[in-house]
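Here is a friendly walk through one model, taken helix by helix. Have the sequence and the 3D view open side by side as you read.

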Amino acid sequence: IGYWIGRRGGRALLERIMRRFKIKPDHLIKAENFFTHHGGKAVFFGRSVSYLRVLTALLAGVSHMHYPRFLLWNALGGVAWALFFGLAAYYFGQNLTVLELYIREIAWGALGVAVLGAAVYFLVSRLKKNKKPDSFSS
């Protein structure tokens with residue numbers, strides 16, 4: 001459905017949605033360029049992330065990705081997701097409490113790395129913006 005909404009509504013629909021959520025037009029250009037070069041991979045991996053599932057289908061339609069190609073990558077992504085979680089549930093079902101502990105620790109670690117990375121990026125960009133030219137250089 002997302003594919004067909006994107007295909008029929010096109011870029012104009014996506015721009016209206018972006019204005020409503022205050023998303024910059026540059027982001028759409030970057031997304032379209034990325035999708036043109038990596039559309040199949042984006043659809044495949046987008047199937048496993050909740051909000052990306054809708055967005056990748058919409059972008060596939062907007063970028064006029066061939067429907068059979070979209071359908072193939074979408075199906076492969078769905079099958080891979082179902083196999084991964086089905087097998088994970090089967091193998092780790094008996095050790096769910098131990099698995100939950102590891103996943104929680106990994107999630108907290110990933111969150112810490114993301115926050116640290118964002119802080120470093122913010123500080124570096126702030127320093128670059130505030131850096132004044134040296135008056136002694138010629």
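## Before we start

Helices here are DSSP runs of H or I with at least four residues, numbered from the N terminus. Please keep in mind that this is a predicted model.

With that in hand, look just past the end of helix α1, where Lys22 takes a positive phi of about 60°. Most residues other than glycine have a negative phi. A second case is His64, which is not a glycine either and has a positive phi of about 55°. His64 sits in the loop between α3 and α4, and its relative accessibility of 47% makes it partly exposed.

## The kinked helix α1

Why is the span of helix α1 worth a second look? A straight helix of 19 residues would span 27 Å at 1.5 Å a residue, yet α1 (residues 2-20) covers only 18 Å between its end C-alpha atoms. Follow the backbone and you will find a kink of about 105° in α1, centred on Gly10.

Gly10 is also one of the buried residues of α1, together with Gly2, Tyr3, Gly6, Leu14 and Met18. Which helices help to cover the buried residues of α1? Among the elements that do so are α2 (25-46), α3 and α4 (67-92).

## Helix α4 for comparison

Now turn to α4, which has 26 residues. From its first C-alpha to its last, α4 reaches 37 Å, close to the 38 Å expected at 1.5 Å a residue.

The buried residues of α4 are Phe70, Gly77, Gly78 and Ala88. The cover over these residues includes α1, α2 and α3. The covering goes both ways between these two helices: α4 is part of what covers the buried residues of α1, and α1 is part of what covers those of α4.

## Aromatic pairs

How many aromatic pairs does the model hold? Counting rings of Phe, Tyr and Trp whose centres lie within 6.5 Å, the total comes to ten aromatic pairs. One of them joins Tyr3 and Trp4, with 5.1 Å from centre to centre and 90° between the planes, an edge-to-face arrangement. Tyr3 is buried, at a relative accessible area of 2%, while its partner Trp4 is partly exposed at 36%. Another pair is formed by Trp81 and Phe85, whose ring centres are 5.1 Å apart; their planes stand at 50°, so this pair is tilted.

Trp81 and Phe85 both belong to helix α4 and lie four residues apart, about one turn of the helix. Trp81 is partly exposed, with a relative accessible area of 38%, and Phe85 is likewise partly exposed, at 43%. Elsewhere, ring pairs link Tyr3, Trp4, Tyr67 and Phe70 into a cluster. Two members of that cluster have already come up as buried: Tyr3 in α1 and Phe70 in α4.

## Contacts across the sequence

Trp81 is also worth following beyond its own helix. Leaving aside neighbours within four places in sequence, Trp81 is in contact with Arg47 and Ser48. The C-alpha atoms of Trp81 and Ser48 are 5.9 Å apart, although 33 residues separate them along the chain. For a contrasting example, take Leu111 in helix α5 (residues 96-130). The C-alpha atoms of Leu111 and Ala60 are separated by 30 Å, with these positions 51 residues apart along the chain. At 45% relative accessibility, Leu111 counts as partly exposed.

Is Thr56 buried or exposed? Thr56 belongs to helix α3 (residues 50-62), and it counts as buried because its relative accessibility is 9%, where buried means under 20%. Not counting residues up to four places away in sequence, Thr56 touches Phe35, Ala42, Val43 and Gly46.

## The largest pocket

Finally, have a look at the largest pocket, whose volume is about 180 Å³. Its lining is made up of Leu14, Ile17, Met18, Ile23, His27, Leu28, Ala31, Leu55 and Leu59.

Helices α1, α2 and α3 each supply at least two residues of this lining. Leu14 and Met18 are familiar by now: both line the pocket, and both are buried residues of the kinked helix α1.

Conventions. Residues are numbered from 1 along each chain as its sequence is written. This is a predicted model: local features need pLDDT of at least 70, side-chain atom pairs count only at pLDDT 80 or more; totals for chains, interfaces and linings use all residues. Side-chain values use heavy atoms; hydrogens and water are left out. Buried means under 20% relative accessible area, exposed over 50%, partly exposed in between (1.4 Å probe, protein chains only). Contact means heavy atoms within 4.5 Å. The expected span of a helix is 1.5 Å times one less than its number of residues. The bend at a residue is the angle between axes fitted to the seven residues ending there and the seven starting there. Rings of Phe, Tyr and Trp (its six-membered ring) pair if their centres lie within 6.5 Å; planes under 30 degrees apart count as stacked, over 60 as edge-to-face and the rest as tilted. On a 1 Å grid over the protein atoms alone, a cavity is a set of points where a 1.4 Å probe fits but cannot get out, and a pocket is an open set with protein on both sides within 12 Å along at least five of seven lines; lining residues have an atom within 4 Å of a point. Grid points are joined across faces, edges and corners, and a volume is the space filled by probe spheres set on the points.
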